[in-house]
Amino acid sequence: MVTLTKTFDIRHLVRISKKKNLKLNMLMCYCIGQAASAIREFYLLPQKDKMLQYDTLAVNVIVPNRQGGINSCDIHVTEDLQQFNHDYLELTKSVAENCESSFREDDMVIGTSTMPATELDCIVNQYTELFSNPMVMWGKYRKHLWKTEVPVSFQFHHVQMDGMDAARFLEKLQETIRTISV
C-alpha cells in the first residue's frame, strides 16, 4: 500500500455547501467519484493473485447509526449531482436508522473516511488482504483569510496503480473541487 497526502483548497465546495444547503461530505464524495471515474485504474481491484475489472464505481461512506455504532454505505457514482445527492441522503439515512451496512457488489468501491471534528495533518490506514480498495480520508477543514483547506490522504494498492496515476487522481480531484457547478 502507498499513501500520498495533499492539502486541498475546498473554498468553492464550502460555499456551495452553504449556499445550496448540501452536505460538504456528500460534495467531497461526489468530487472523488467524478475524479476517479476519469482514471481507468480506479476500475481495477487486486484480489490475491487476480486483478478484477469493474464497469462502474461507488463511493463508500462511514455512517454513524442510531445505536451509537457505525456502518458502511456504498453510493453509486453518477455524473448527475442531484441524483448522487438524493442517493447519498436516502441511503445514509436508511443505514443510520436500520444499523445495517449497504454494499454494492457490482461496483468497484472507493473507500472514504472523514473525521470532521478533528484537524488532522495526515491519516494513514492499515490495509489487510481483505481490503485492497483505494481509500480517501480527511479531517476538519481549516479556514484562512483567503482560502479554506483540508489535508487529504489517499491510500492505494501499488498493484492497482502507480504513483503517477495516484498523483493524477489528486490533481483531477482538486480540479473537480474547484470547478464543480450546481
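Here are two short exercises, with worked solutions, on a predicted model.

**Exercise 1. Strand 6 and its neighbours**

Find which strands pair with strand 6, in what sense they run, and how many bridges join them.

*Solution.*
- Step 1: Locate strand 6, which spans residues 108-115. Six of its eight residues are buried, and the strand is therefore described as mostly covered, with buried meaning under 20% relative accessible area.
- Step 2: Look for a partner earlier in the chain. Strand 4, residues 57-64, pairs with strand 6 in the parallel sense, over four bridges. As a landmark, take Val59, whose bridge partner in strand 6 is Ile110.
- Step 3: Turn to strand 7, residues 135-139. This strand also runs parallel to strand 6, and five bridges join the two. Here a handy landmark is Gly111, whose bridge partner in strand 7 is Met135.

**Exercise 2. The cysteines**

Work out how many disulfides the structure holds, and why Cys29 is not bonded to Cys31.

*Solution.*
- Step 1: Start with the count: the structure holds zero disulfides.
- Step 2: Check Cys29. Its closest cysteine sulfur is that of Cys31, at 9.5 Å. A disulfide needs the two sulfur atoms within 2.5 Å, so this separation is too far for a bond.
- Step 3: Check Cys99 in the same way. Cys99 is in no disulfide, and the nearest cysteine sulfur, in Cys73, lies 13 Å away.
- Step 4: Now ask whether these residues are buried or exposed. Cys29 counts as buried because its relative accessibility is 0%. Cys99 counts as buried too, with a relative accessibility of 17%, since the cut-off is under 20%.

Definitions and conventions
Residues are numbered from 1 along each chain as its sequence is written. This is a predicted model: local features need pLDDT of at least 70, side-chain atom pairs count only at pLDDT 80 or more; totals for chains, interfaces and linings use all residues. Side-chain values use heavy atoms; hydrogens and water are left out. Buried means under 20% relative accessible area, exposed over 50%, partly exposed in between (1.4 Å probe, protein chains only). Two strands pair if DSSP finds at least two bridges between them.
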